[in-house]
Amino acid sequence: MSIHLLRGHERFQAEFATRERTFLKRLSSEDQKPSTLYISCSDSRVIPELLTASRPGELFVVRNVANVVPRAEDPAALSAGAAIEYAVSVLKVPHIVVCGHFGCGGVKAAIAGKDRVRQYPHLHQWLDYVEPAATKAKAAGFVDEELETYAVEENVLDQMLNLISYPCVREAVDAGTLALHAWVYDLDGSLSVYDARSRSFQPYTAQLDRDSERGRLEAEAEAGAEAEAAS
Ligand SMILES: [Zn+2]
């Protein structure tokens with residue numbers, strides 16, 4: 001038994017659970033109402049709640065090797081698909097984040113060639129989902145660190161496209177009740193977010209967030225003015 005984890009739980013009981021007794025009691029007596037479906041890699045260094053300073057109840061989390069979202073029609077979509085349908089259709093989360101990360105073992109394995117992990121049959125097959133990003137990165141002529149950076153980013157964008165294959169996701173996005181976000185976390189503690197205007201990942205800053213929000217409001221205002229002119 002991993003006794004150090006139970007020691008950690010003792011600390012959790014003595015500190016957080018004691019300090020937040022009222023909060024935890026309320027959480028246990030109400031239905032969950034998370035703000036975000038967060039799809040991340042299983043990597044031990046990319047802890048969603050830690051890097052977003054989230055409290056219990058905020059994130060509905062799916063984690064697997066290389067933050068993969070199999071397409072809706074794929075037989076392997078059962079696990080992620082069930083979580084996506086529940087989060088979007090039942091919990092009605094207003095946000096989905098797909099967060100990849102630099103130093104991702106799954107992406108590195110796809111770059112190196114999945115035949116190297118042929119002795120691990122499940123992993124070998126799983127890398128089929130990551131391979132297209134690695135192939136695109138190589139075809140674009142990137143090498144070394146840039147190759148990995150591009151493949152990690154492309155892999156996140158591939159999974160974003162796969163998200164749209166779920167009818168519940170598409171309908172909620174079209175209805176304006178669900179926003180999709182593509183992120184890449186760097187193990188040094190920094191974050192890049194996909195900026196739709198520049199069609200690239202940009203280091204996250206509060207200014208980028210404000211600019212993005214302003215762009216969204218301007219686009220909404222423009223669409224509203226067009227709709228008014230047309231009526
Ligand atoms: Zn990873």
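**Exercise 1. Find how strands S4 and S5 are joined, then follow the pairing to the neighbouring strands of this predicted model.**

*Solution.*
Step 1. Start with S4 and strand S5 (residues 191-195): they run antiparallel and are joined by three bridges.

Step 2. Pick out facing residues. Trp 183 sits opposite Val 193 in S5, and Tyr 185 sits opposite Leu 191 in S5.

Step 3. Look at the connection. S4 and S5 make a hairpin with five residues between them, and in the turn Gly 189 has a positive phi of about 110°.

Step 4. Move on to strand S6 (residues 200-203). S5 and S6 run antiparallel, with four bridges joining them; Asp 195 has Ser 200 in S6 as its bridge partner.

Step 5. Check this second connection too. S5 and S6 form a hairpin with four residues between them, and Arg 199 in the turn shows a positive phi of about 50°.

Step 6. Now turn to S3. Strand S3 (residues 95-101) pairs with strand S4 (residues 179-185) in the parallel sense, over seven bridges. His 95 stands opposite Ala 179 in S4.

**Exercise 2. Sort the residues of S5 into a covered and an uncovered face.**

*Solution.*
Step 1. Recall the rule: side chains in a regular strand alternate between the two faces of the sheet.

Step 2. Apply the split to S5. Ser 192 and Tyr 194 make up the covered face, while Leu 191, Val 193 and Asp 195 make up the uncovered one.

Step 3. Combine this with the pairing. Val 193, on the uncovered face, is the residue of S5 that stands opposite Trp 183.

**Exercise 3. Describe helix H4: its span, its buried side and what covers that side.**

*Solution.*
Step 1. Check the span. H4 (residues 78-90) has 13 residues and reaches 17 Å from first C-alpha to last, which is close to the 18 Å expected at 1.5 Å a residue.

Step 2. List the buried residues: Ala 80, Gly 81, Ile 84, Ala 87 and Val 88. These cover an arc of only 140° around the axis, so they lie on the same side of H4.

Step 3. Turn the helix over. On the other side of H4 you will find Leu 78, Ser 79, Ala 82 and Val 90 exposed.

Step 4. Find the cover. The elements over the buried residues of H4 include strand S1 (36-41), strand S2 (59-64) and helix H9 (167-174).

Step 5. Look past the end of the helix: Lys 92 follows H4 and has a positive phi, near 55°.

**Exercise 4. Repeat the analysis for helix H7, then explain why Ala 137 counts as buried.**

*Solution.*
Step 1. In H7 (residues 131-139), the buried residues are Ala 133, Ala 134 and Ala 137. Seen down the axis they fall within an arc of 100°, so they line one face of the helix.

Step 2. Cover for these residues includes helix H5 (105-112) and helix H8 (144-163).

Step 3. Zoom in on Ala 137. The threshold for burial is 20 or more other C-beta atoms within 10 Å. Ala 137 counts as buried because it has 24 C-beta neighbours inside 10 Å.

Step 4. Trace its partners. Setting aside neighbours within four places in sequence, Ala 137 is in contact with Phe 142, Leu 147, Tyr 150, Ala 151 and Glu 154.

Step 5. Try a C-alpha distance as well: Ala 137 and Val 152 are 15 residues apart in sequence and 9.1 Å apart in space.

Step 6. Finish just after H7, where Gly 141 takes a positive phi of about 90°.

**Exercise 5. Locate the residues with the most partners in the largest nonpolar core, then step back to the whole chain.**

*Solution.*
Step 1. This core has 47 residues, and Ile 39, Val 107 and Val 130 touch the most other members. H8 gives the most to the core, with five residues.

Step 2. Follow Val 130. Leaving aside neighbours within four places in sequence, its contacts are Ala 66, Val 68, Gly 106, Val 107, Ala 110 and Asn 155.

Step 3. Put burial in context: 27% of the 231 residues of the protein chain count as buried.

Step 4. Consider sequence separation. Of the contacts between residues at least 6 apart in sequence, 60% join residues at least 24 apart.

Step 5. Take stock of the overall layout. The protein chain has 10 helices and six strands, and its C-alpha trace spans about 65 × 50 × 35 Å along the principal axes.

Step 6. Close with the domain assignment, which gives domain 1 (32-195) and domain 2 (206-231). Their C-alpha centres lie 28 Å apart.

Key: Residues are numbered from 1 along each chain as its sequence is written. This is a predicted model: local features need pLDDT of at least 70, side-chain atom pairs count only at pLDDT 80 or more; totals for chains, interfaces and linings use all residues. Helices (H or I, at least four residues) and strands (E, at least two) are DSSP runs, numbered from the N terminus. The expected span of a helix is 1.5 Å times one less than its number of residues. A residue is buried if 20 or more other C-beta atoms lie within 10 Å of its own, exposed if 12 or fewer, and partly exposed in between; C-beta atoms are placed from the backbone. The arc is that of the directions from the helix axis to the C-beta atoms. Two residues are in contact if their C-beta atoms, placed from the backbone, lie within 7 Å. Two strands pair if DSSP finds at least two bridges between them. Domain bounds come from an automatic or database domain assignment. A nonpolar core is a set of buried Ala, Val, Leu, Ile, Met, Phe, Trp, Tyr and Cys residues joined through C-beta atoms within 7 Å.
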